[in-house]
Amino acid sequence: MKLKLDLHDIFNKGRDIERSLQDIINQAVEKKATSVEIIPGKGSGALKKTVLRFLERKDIKALYHRVEKDSDNFGRLFVHFKWKGKGK
């Protein structure tokens, strides 16, 4: 299962951004998703930096396996999860 979060509509609402990121990570853990696609958009890169800072938080980092920056699309990130006892 893959989940997706597009932040275009809330790019200037700091509290909503963090809440949306927390919600999608919680959903991924609850549903044992294999990945979450986060779309901060291209813009100035400030929103992407906000997302990366959120993902670097110790409590959040403990929940996922790795983050992949899309080499073809600067405005997209993938958060990958690895679950024990669950094949790919």
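In this predicted model, helix α1 spans residues 14–31 and contains both Asp16 and Arg19. These two residues are three positions apart, which corresponds to about one turn of the helix. Their side chains form a salt bridge, in which the closest N and O atoms are 2.9 Å apart. Asp16 has a relative accessible area of 27% and is therefore partly exposed. Arg19, with a relative accessibility of 44%, is likewise classed as partly exposed.

Why can such a contact arise? Side chains of opposite charge can pair when their charged atoms come close. The pair in helix α1 is one case, and a search of the whole structure finds six salt bridges.

Another salt bridge joins the side chains of Asp59 and Arg57, with a distance of 2.7 Å from N to O. Arg57 is partly exposed, because its relative accessible area is 27% and the partly exposed class lies between 20% and 50%. Asp59 also counts as partly exposed, at 44% relative accessibility. These two residues belong to a wider arrangement: Glu18, Arg57 and Asp59 are linked in a network of salt bridges.

A further salt bridge connects the side chains of Asp70 and Arg76, and here the N to O distance is 2.3 Å. Is Asp70 buried or exposed? Asp70 has a relative accessible area of 10%, and a residue counts as buried when this value is under 20%, so Asp70 is buried. Its partner Arg76, at 25% relative accessibility, counts as partly exposed. This salt bridge thus joins a buried residue to a partly exposed one.

The aromatic residues offer another kind of contact. A pair of aromatic rings is described by the distance of the centres and the angle of the planes. How many aromatic pairs does a search of the whole structure find? The search finds one. The pair consists of Phe81 and Trp83, whose ring centres are 5.8 Å apart and whose planes meet at 0°, so the pair is stacked. The reasoning rests on the angle, because planes under 30 degrees apart count as stacked. Both Phe81 and Trp83 are buried.

Finally, an aromatic ring may also be met by a charge, as the side chains of Lys48 and Phe74 show. The charged end of Lys48 is positioned over the ring of Phe74, at 3.9 Å from the centre of that ring.

Note on methods. Residues numbered from 1 in each chain as written. Predicted model: local features only at pLDDT ≥ 70, side-chain atom pairs only at ≥ 80, totals over all residues. Heavy atoms only, no water. Salt bridge = Lys/Arg side-chain N within 4 Å of Asp/Glu carboxyl O. Helix = DSSP H or I, 4+ residues; strand = E, 2+ residues; numbered from the N terminus. Buried < 20%, exposed > 50% of the residue type's maximum accessible area, 1.4 Å probe, protein only. Phe/Tyr/Trp six-rings, centres within 6.5 Å; stacked < 30°, edge-to-face > 60°. Lys NZ or Arg CZ within 6 Å of the ring centre and 35° of its normal.
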